[in-house]
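Reader: I'd like to go through this one with you. Can you put it up?

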Amino acid sequence: MRDEHIISLIENTSLGNLSDNDLTVIRAHANECSNCLRAFEAAQLSLLLLKEHAAVQFEPSPFFHTRVLAALRERQAVNDNWAFGRLWRAAGALASSMVATVAALAFLTFVIPDRHVATISQASLNANGYSAEEVILDQAQSEEVSEGQLLTTIYDGDEETK
Amino acid sequence: MELARSAREGDESAFEEIMRRYSPRVFRFAGKFFKQRSLVEEAAQEVFLKAFTELGSYEGRGSMEGWLTRITTNTCLNLLRSSKRRPELTVSDLTEDQSDWLDKNLTDAATQQHQSSERSLVAADLAGRVLHTMPADDQLVLTMIDGEDASVKDVAALTGWSESKVKTQAFRARRRMREAVEKLLAGRKGRRALSDARS
């Protein structure tokens, strides 16, 4: 053991928890190995520093509880505001979606049908080139012609038999 | 448990009583990691604010003290992680008192267990400076295991880490701490040799 380096030994466990036997071995080796001696000295000082660091104690100030309660109330107030804000935002979203729906329905109900009819009649006018009255008159004319043609056809046939 | 239930239902005086009972312990525990009073207070306040919001998760199986200690450990660890690590500490960064402390304790570190309060404060401050150059997890295990003699099992229970992780972390942290102190000592020896040569 005296020939083995002791660095891993002093890093595996806290120096304070090493047995007397381990410490004797470490010291014996450190007396002959300068690297391990430096490591051992540094490890001893590290332990001493950590003990002193842990020994410092703090006590709560008399106003600590009041300060925490104030911070707690403040945090709760922020949370409440946040909850109200979230509710308001949710309600706002709902209301705006309702308004949008009503507007869309109104548009579809009152604006689109008129435009649709007007567009259709205008389109049919453009396609045929004459109005409904003209169609009716034309129809009447064509019916007259056809009656006259019928009479002519009948009487012409009679005259031919005579 | 009764206090916890009342506090959970919004009884402010019950929560105040919890604080009155357990704040000394929370302060002592947080004081192991921070050496500035303002930081200790900040950590302790955060612990109680967290405790209040998480009272619902406290089922009364373990002691409230243990439950609060776990919250304190996690809070301190998070605060250590969020604080900026200092770059490597060199001899020129040390105060005169800290340099003297290193010189005087180098020779008889093993025997000198009790120091005057003034020297203890110098040592605690120096330890804080060295620790502040190390990762938060290293600071935690070194402070608890080497500084406070806590067992690996205790640290594992408080942090939620496995025991093997705690052991590995402690091993690495000891190495980093030892190397940092070794560098400071080497720097001090070099300076002393230089001043001896001049005189």
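Reader: What pattern does chain A follow along the sequence?
Author: It reads α-α-α-α-α. That is five helices and zero strands in chain A. Keep in mind that this is a predicted model.

Reader: How much of chain A is buried?
Author: Buried residues make up 17% of its 162 residues.

Reader: On to the contact between the chains. How many residues come from each chain?
Author: Chain B gives 46 residues and chain A gives 34. On the chain B side, α2 (12-30), α3 (37-53), α5 (96-107), α6 (117-131), α7 and α9 each supply at least two.

Reader: And how does the chain B side divide by class?
Author: Into 23 nonpolar, eight polar and 15 charged residues.

Reader: Give me a helix pair across the chains. At what angle do α3(A) and α7(B) pack?
Author: About 95°, with their axes 9 Å apart. Angles of 65 to 115 degrees count as roughly perpendicular, so α3(A) and α7(B) are roughly perpendicular to each other.

Reader: Which residues meet there?
Author: From α3(A), which covers residues 34-55, you have A:L47, A:L50, A:K51, A:H53 and A:A54. From α7(B), you have B:L142, B:T143, B:D146 and B:G147. By class, this contact has four nonpolar, three polar and two charged residues.

Reader: Now inside chain B. How do α2(B) and α4(B) cross?
Author: Their axes come within 10 Å and cross at roughly 35°. The crossing is right-handed.

Reader: Which residues make that contact?
Author: In α2(B), they are B:Y22, B:R25, B:V26, B:F29 and B:A30. In α4(B), they are B:M64, B:E65, B:L68, B:T69, B:T72 and B:C76. Seven of the contact residues are nonpolar, two polar and two charged.

Reader: Change of topic: α8 of chain B. Which residues are buried?
Author: B:V152, B:V155 and B:L158, in a helix that spans residues 152-159.

Reader: Why do the buried residues of α8(B) line one face?
Author: Seen down the helix axis, they fall within an arc of 130°, so they line one face of α8(B). As background, an α-helix has 3.6 residues a turn, so residues three or four places apart point the same way.

Reader: What covers the buried residues of α8(B)?
Author: The cover includes α4 (64-82), α7 (136-147) and α9 (163-198), which belong to chain B.

Reader: Last one. What follows α8(B)?
Author: B:G160 does, and its phi is positive, near 85°.

Technical notes. Residues numbered from 1 in each chain as written. Chains lettered and ligands numbered in written order. Predicted model: local features only at pLDDT ≥ 70, side-chain atom pairs only at ≥ 80, totals over all residues. Buried ≥ 20, exposed ≤ 12 C-beta atoms within 10 Å, placed from the backbone. Helix = DSSP H or I, 4+ residues; strand = E, 2+ residues; numbered from the N terminus. Arc of directions from axis to C-beta. Contact = placed C-beta atoms within 7 Å. Nonpolar A, V, L, I, M, F, W, Y, C, P; charged D, E, K, R; others polar. Axes fitted to C-alpha atoms, helices over the stretch in contact; angles between N-to-C directions. Left-handed = near helix turned anticlockwise from the far one by under 90°. Parallel < 35°, antiparallel > 145°, perpendicular 65-115°, else oblique.
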